[in-house]
Amino acid sequence: MISILIPIYNFDCSPLINRLSKICSQVNVKTEIIAFEDGSTNIFKDNISALENCGGRYLSSKSNIGRSKARNILAEAASNRYLIFLDCDSDIITGENFINNYINIINAAQKEGYENDFLICGGTLYKNFRNVENKFVLHCKAGYCNEQNTYTLEDSHFGLLKPVECIEKKYKNINEDTFKEKNSINKYSKRHLLSNNFLISKATFNKIKFDERLEKYGHEDTLFGLELRKKGVYIFYINNPVVHLGLKDYDKYISDVKASIENLKFISDNIIDKDDRKDFKLLKVYDLISSLKLKHLITIIYNRLGDSIINNLKTRNPNLYLLNLYKLGYLCSLNSNSK
C-alpha cells in the first residue's frame with residue numbers, strides 16, 4: 001500500500017531507515033523502503049546495510065542529478081499505491097503511529113469523496129535555535145520561524161505545531177473523526193508545501209511530478225505545490241511531523257539561499273506565467289517594489305550593505321528581516337545584471 005521514498009545526499013540516514021523498518025513491521029499494510037543516493041561525495045555504508053537488513057532497495061547515481069529528478073526516479077521505482085517522501089535528515093518522533101496517522105487520513109479522505117486527488121503534508125519541526133551551536137543558529141532559526149510555523153490553528157487539522165513533547169502526548173493517533181471535524185477549513189489550502197514529509201498517491205504524482213528542469217537547489221517544492229493546485233489536487237496539513245536534523249552552517253545556508261533565488265529567477269523567466277507569480281512570496285514582493293519603482297534602490301542597498309547583513313546573519317541572534325532583505329536584494333541584482 002505504501003512506499004517510503006528517501007533521497008540521500010551526504011548523510012547517514014541509517015537510524016531513520018532502522019526506525020522506519022520497525023514501524024513498518026508494526027502496521028497492517030504492505031510497505032517498502034527505497035532510498036536513492038544522489039551523487040553523494042560521502043557514501044555511508046550503514047545506509048546500504050540498513051536497507052539490506054529491512055529488505056529495502058538502494059538506488060544510486062554517480063553524479064548529482066538534483067532533488068527533482070531524484071524524487072521522480074524514486075516514485076517510478078515504487079511498487080505501491082501511495083508514496084511517502086521523507087528527507088534523509090529527518091527523525092520520526094510520533095513512533096509507530098507515523099504511518100498509521102497517514103493511513104487514517106487516507107481512509108477518511110476517501111470516505112469524504114476525495115479518491116486519490118489529495119496530498120497529505122505531515123509537517124516539520126526544528127530544535128530550539130537557542131540551544132544549537134552558533135554556526136547552525138541561522139538555519140535553525142529560519143526553519144523554526146518559517147517552516148515549522150507554516151501551519152496555523154486555522155489551517156491545520158490538529159492545531160498549531162507544538163513542541164515535541166506536546167505532540168507525543170496530544171497527537172498519538174490521528175483518526176477519522178478529527179478529519180471530518182476540521183477538513184472543511186483545510187482543503188485546497190494555499191500554504192507553502194513542505195516536501196520533506198508528505199504522502200501522495202502514485203497516480204496523482206505521475207500526473208505532475210517534480211520539474212526536472214530545476215537542477216539547482218530551491219523552490220522545486222513551491223513549483224510542485226503550484227502544479228498540484230492547478231490540477232485540482234487538495235493539500236491537507238496534519239500534525240504528523242518529523243524533526244529536521246541536518247542543519248547547515250551559516251556559510252552553506254547562505255550559499256543555498258542564493259542558489260534557491262537563482263532557481264527562482266529561472267522559474268520566473270522560463271516556467272511560470274504572470275498569474276502564477278503570486279504563489280511565490282519573494283516574486284510577489286519583487287513585483288510590488290518594481291511597481292513602486294524601488295527595485296534600483298533595493299539593488300543599491302544590497303550592493304552596499306550585503307556584507308554587513310551577512311555579518312549579522314552569522315551572529316548568535318540573526319535578524320530574519322535582514323535575511324529577507326538580502327534575498328530580495330539578491331533577486332533584484334540578478335535581474336539588473338541580466339539586462
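The exercises below deal with the cores, the sheet and the salt bridges of a predicted model.

**Exercise 1.** Find which residues touch the most other members of the largest nonpolar core, and which element gives the most to this core.

*Solution.* Step 1: the largest nonpolar core has 34 residues, and Ile4, Ile6, Leu20, Phe98 and Ile99 touch the most other members. Step 2: two or more residues come from each of β1 (2-8), α1 (14-24), β2 (31-38), α2 (45-53), β4 (82-86), α4 (97-111) and β6 (118-121). Step 3: α4 gives the most, with 7 residues. Step 4: take Ile4 as an example; leaving out residues up to four places away in sequence, Ile4 touches Leu20, Cys24, Glu32, Ile33, Ile34, Ile84, Leu86 and Ile99. In general, nonpolar side chains in soluble globular proteins tend to be buried together.

**Exercise 2.** State the strand order of the open sheet of 7 strands, and explain why β3 and β9 each have one side without a neighbour in the sheet.

*Solution.* Step 1: the order is β3-β2-β1-β4-β8-β6-β9, and the pairing is mixed. Step 2: β3 (57-61) and β9 (234-237) stand at the edges with a single partner strand each, so one side of each has no neighbour in the sheet. Step 3: from one strand to the next, the twist averages 20°. Step 4: for β9, the pairing with β6 is parallel and runs over 4 bridges. Phe118 stands opposite Tyr234 of β9.

**Exercise 3.** Identify the salt bridges of Lys230 with Glu227 and Asp276, and say which parts of the chain the bridge to Asp276 ties together.

*Solution.* Step 1: in the bridge between Lys230 and Glu227, the closest N and O atoms are 4.0 Å apart. Both residues lie in helix α9 (residues 220-230), 3 residues apart, about one turn of the helix. Step 2: the side chains of Lys230 and Asp276 meet at 2.7 Å, N to O. Because Lys230 lies in helix α9 and Asp276 in the loop between α10 and α11 (281-291), this pair ties together parts that are 46 residues apart in sequence. Step 3: Lys230 is partly exposed at 47% relative accessibility, while Asp276 is buried at 8%.

**Exercise 4.** Decide whether Asp211 is buried or exposed, and name its salt-bridge partner.

*Solution.* Step 1: the relative accessible area of Asp211 is 19%. Step 2: the cut-off for buried is under 20%, so Asp211 is buried. Step 3: the partner is Arg213, with a distance of 2.7 Å, N to O. Arg213 is partly exposed, at 47%.

Methods: Residues numbered from 1 in each chain as written. Predicted model: local features only at pLDDT ≥ 70, side-chain atom pairs only at ≥ 80, totals over all residues. Heavy atoms only, no water. Core = buried A, V, L, I, M, F, W, Y, C linked by side-chain atoms within 4.5 Å. Buried < 20%, exposed > 50% of the residue type's maximum accessible area, 1.4 Å probe, protein only. Contact = heavy atoms within 4.5 Å. Pairing = 2+ DSSP bridges. Axes fitted to C-alpha atoms, helices over the stretch in contact; angles between N-to-C directions.
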